[in-house]
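Please open the model in your viewer and keep the sequence panel beside it, since the tour below moves from one selection to the next.

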Amino acid sequence: MELINLFIRSAFVDNMIFAFFFGMCSYLAVSKTVKTAVGLGAAVIFVLTITVPVNYLLENYVLKQGALSWLGEEYAEFDLSFLSFIMFIAVIASIVQLVEMIVEKYSPALYGALGIFLPLIAVNCAILGGALFMQEKQFPTVVHSITYGFGSGVGWFIAVVLIAAIREKIRYSHVPAPLRGVGMAFLLTGLMGLAFLGFMGFEI
Amino acid sequence: MSEVAKREPLFSKKNKKLITDPLNDTNPVTIQVLGICSALAVTVQMSNAIVMSISVMAVLILGNVIVSLLRNLIPGKIRIIVQLVIVAALVIIVDQVLKAYVYDVSKQLSVFVGLIITNCIIMGRLEAFALGNKPWASALDGLGNGIGYGVVLVIVAFFKELLGSGKLMGFDIIPESFYEFGYMNNGLMLLPPSSLVIVAIYIWIQKSRNPKLIEN
Amino acid sequence: MAINRESNGYTILFAVIMVTFVGGILAFLATALKPAQEANVRNEKMQNILQAIGIEELNDVSRKEAGAKFNDYVIERITLNFKGEVIKRTTNSDSIKDVKDAFNINLLKQYKTIASKKERDYPLFVCEANGEKFYVIPVLGKGLWAAVWGYIGLKSDGTTVNGAVFDHKSETPGLGAEISKPDFEKQFIGKSFEEDGSYAPIKVLKPGLEKDNHEVDGISGGTFTSVGVEEMLERTIEVYYDYFKNNK
């Protein structure tokens, strides 16, 4: 039950795009057509579901104050949390690279679909944002962190696909010239964000 | 903006353009659409927006200079990771300094300081400019883009704070008598979506005044 | 160029040098700035405790002053267990270093790691100002987004509120975040945790309704945060109520 709530919260209430604007750069770049949006969205779900738990383990067994105590008593006092940014981004960059290589080798079809998006993801704020929020929320178990990563990914996916669909349609409307393209995308995201505010405090 | 150029007439015309272009024609936020994530989330108060802009500017200039100095040494294969490490290290320094000397602000910015790492402006400028240019030009490019980013941030924060809580920099601005006439602060302005709308309006105004930027 | 930038050997060498160099700088910086950072956190806690006492002269105490004034006002630091029994008692002449010292109890850490409220520690600060005795109790609970916490100052009877300070990690600005504004905090002054000789928690209700001695206005648009505040007060103060009752 707690996990379902966590999932719903991370996907809808704390939606990466509408509540925090994470991953806006790639979001605006790919939300021109639904097809590319689905591709990048799927890649984000995939990468978030892997990187958040990995970073969770890193945080809890290496970086946090006292996290090194499994090595022995004398390490209990070590506090490496100042290194967390650099470790998280390194983990993300290498996992993205790894995933790219594995997918390319074992599933060429999937690689064809996700391939070009994977390199983009290393610098997608949503991924690092996921890791940093995980750190701040201090989840009790690794299962929570997997749920959180997956939920946030799904939320990002929903947002990018919805906006892409609207942007496809809006090409046939008379948008004031200066607002065309990026301007309209901002406005739309703002309105969608307002709609998503309706989920606030939503729990099962 | 033009002030910077005037004060230092030694700058060549090309160098001046490095600073002035990002303010309008190639503004990183509104035209290149980079670095939105952190830009919009910290704009509820002017003071936060200013600290965030300064932090980004510092990281951007230093990152640009360092990458530019190392541009003939960095191995092509691990280029991206090297850039990420440099940026991440700079961001950690900023974060630690904020925590030690401006504690209140660091509390409010929380995770957003860390997100400077993935701020696309920084990676974008490192990759597109610093890797191929001399340190001095890279520093100016960093300064220009940093200011371009900061200007948008501060403008958004100005409207959000004024309309949302009737304050600027934490001081009450709207006189008490307005409230007595039934004026109300617009709580909606404090919520995330309103920043997007303000940026959209900003883009609208900017592009109407400068029609060559209009997309087809 | 003399060196081949694309060779594996060069790439690895570059990576090793860079990592060592960056790691060294960061480690040095983190160690150098740590005392200042820790002092900030400590002084802020002291500032909150002093402000919660609820006396005029301390309402605007700054974070810097708080560190210096703390021991003038807080004369005793007591750690209680769930039954309200004293497990550690230190005074202002002792330095703050024991892990069970009330000042060192990290409520957030306990809230996250100790599931049963019966096993957590309950810190209490005994303060003296202008010849009167006050108690300050730290409380912590859950808001809409993340943790909310506060410090409640009680009069010497141990049941009447004399001051309250609330803060939060990331509640919505303008809505839930209003709990840390004086408008909300001031309402608690004079309210009581006792009714006819037994425990009566303070309720945070919908704004605008008639309020009695155990009720305050919640935040409109910040319902979840208000509920969080009510829950943390009810859960925590009960422990101290037992302590005050047994020590009258």
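Which residue in β3(C) does Ile78(C) stand opposite? Select Ile78(C) and look across to β3(C), where Leu124(C) is the residue that stands opposite; bear in mind throughout that this is a predicted model.

**The sheet of chain C**

Widen the selection to the two strands around that pair: β1 of chain C, residues 74–80, and β3 of chain C, residues 122–129, run antiparallel and are joined by six bridges. These strands belong to an open sheet of six strands in chain C, with antiparallel pairing and the order β2-β1-β3-β4-β5-β6. Colour β2 (86–91) and β6 (161–168) of chain C next, as these are the edge strands, each of which pairs on one side only. If you look along the sheet from strand to strand, the twist from one strand to the next averages 20 degrees.

Now add helix α5 of chain C, residues 223–246, which lies across β1, β2, β3, β4 (132–142), β5 (147–154) and β6 of chain C. Relative to β4(C), the helix α5(C) runs at about 135 degrees.

**A salt bridge within chain C**

Over all chains, the count comes to eight salt bridges. To see one of them, show the side chains of Asp101(C) and Arg77(C), which form a salt bridge whose closest N and O atoms are 2.9 Å apart. Asp101(C) lies in the loop between β2 and α3 (107–113) of chain C, while Arg77(C) is in strand β1 of chain C, so the pair ties together parts that are 24 residues apart in sequence.

**Where chain B meets chain C**

Select chain B together with chain C, and display the contact between them, in which 24 residues of chain B touch 28 residues of chain C. The area buried between these two chains is about 2,300 Å², and carbon and sulfur atoms give 65% of that area. On the chain B side, label Lys77(B), Gln96(B) and Tyr103(B), which lose the most area to chain C and together account for 23% of what that side buries. Between chain B and chain C the count is zero salt bridges, whereas five residue pairs are in polar contact across this interface, both residues of each pair being at pLDDT 80 or more.

To place this side in the fold of chain B, colour α5 and α6 (103–109) of chain B, the elements that give two or more residues to the side touching chain C. The largest share, 10 residues, comes from α5(B). By class, the residues on this side of chain B divide into 16 nonpolar, three polar and five charged.

**Where chain B meets chain A**

Finally, hide chain C and bring in chain A, whose contact with chain B takes 42 residues from chain B and 39 residues from chain A. About 3,500 Å² is buried between chain B and chain A, with carbon and sulfur atoms giving 84% of the area. How many salt bridges does the rule find across the interface of chain B and chain A? The rule finds zero salt bridges there, and it likewise finds zero residue pairs in polar contact with both residues at pLDDT 80 or more.

Colour α3 (36–41), α5 (79–101), α7 (111–114), α8 (120–128) and α11 (192–209) of chain B, as these elements give two or more residues to the side that touches chain A. Among them, α11(B) gives the most, with 11 residues. By class, this side of chain B has 30 nonpolar, nine polar and three charged residues.

Definitions and conventions. Residues are numbered from 1 along each chain as its sequence is written. Chains are lettered from A and ligands numbered from 1 in the order in which they are written. This is a predicted model: local features need pLDDT of at least 70, side-chain atom pairs count only at pLDDT 80 or more; totals for chains, interfaces and linings use all residues. Side-chain values use heavy atoms; hydrogens and water are left out. Contact means heavy atoms within 4.5 Å. Buried area is the accessible area (1.4 Å probe) that two parts lose on being put together, summed over both. A salt bridge is a side-chain nitrogen of Lys or Arg within 4 Å of a carboxyl oxygen of Asp or Glu. A polar contact is a pair of N or O atoms within 3.5 Å; within protein, one must be able to donate a hydrogen and the other to accept it, and residues adjacent in sequence count only if both atoms are side-chain atoms. Helices (H or I, at least four residues) and strands (E, at least two) are DSSP runs, numbered from the N terminus. Ala, Val, Leu, Ile, Met, Phe, Trp, Tyr, Cys and Pro count as nonpolar, Asp, Glu, Lys and Arg as charged, and the others, Gly among them, as polar. Two strands pair if DSSP finds at least two bridges between them. Axes are lines fitted to C-alpha atoms, for helices over the stretch in contact, and angles run from 0 to 180 degrees between N-to-C directions.
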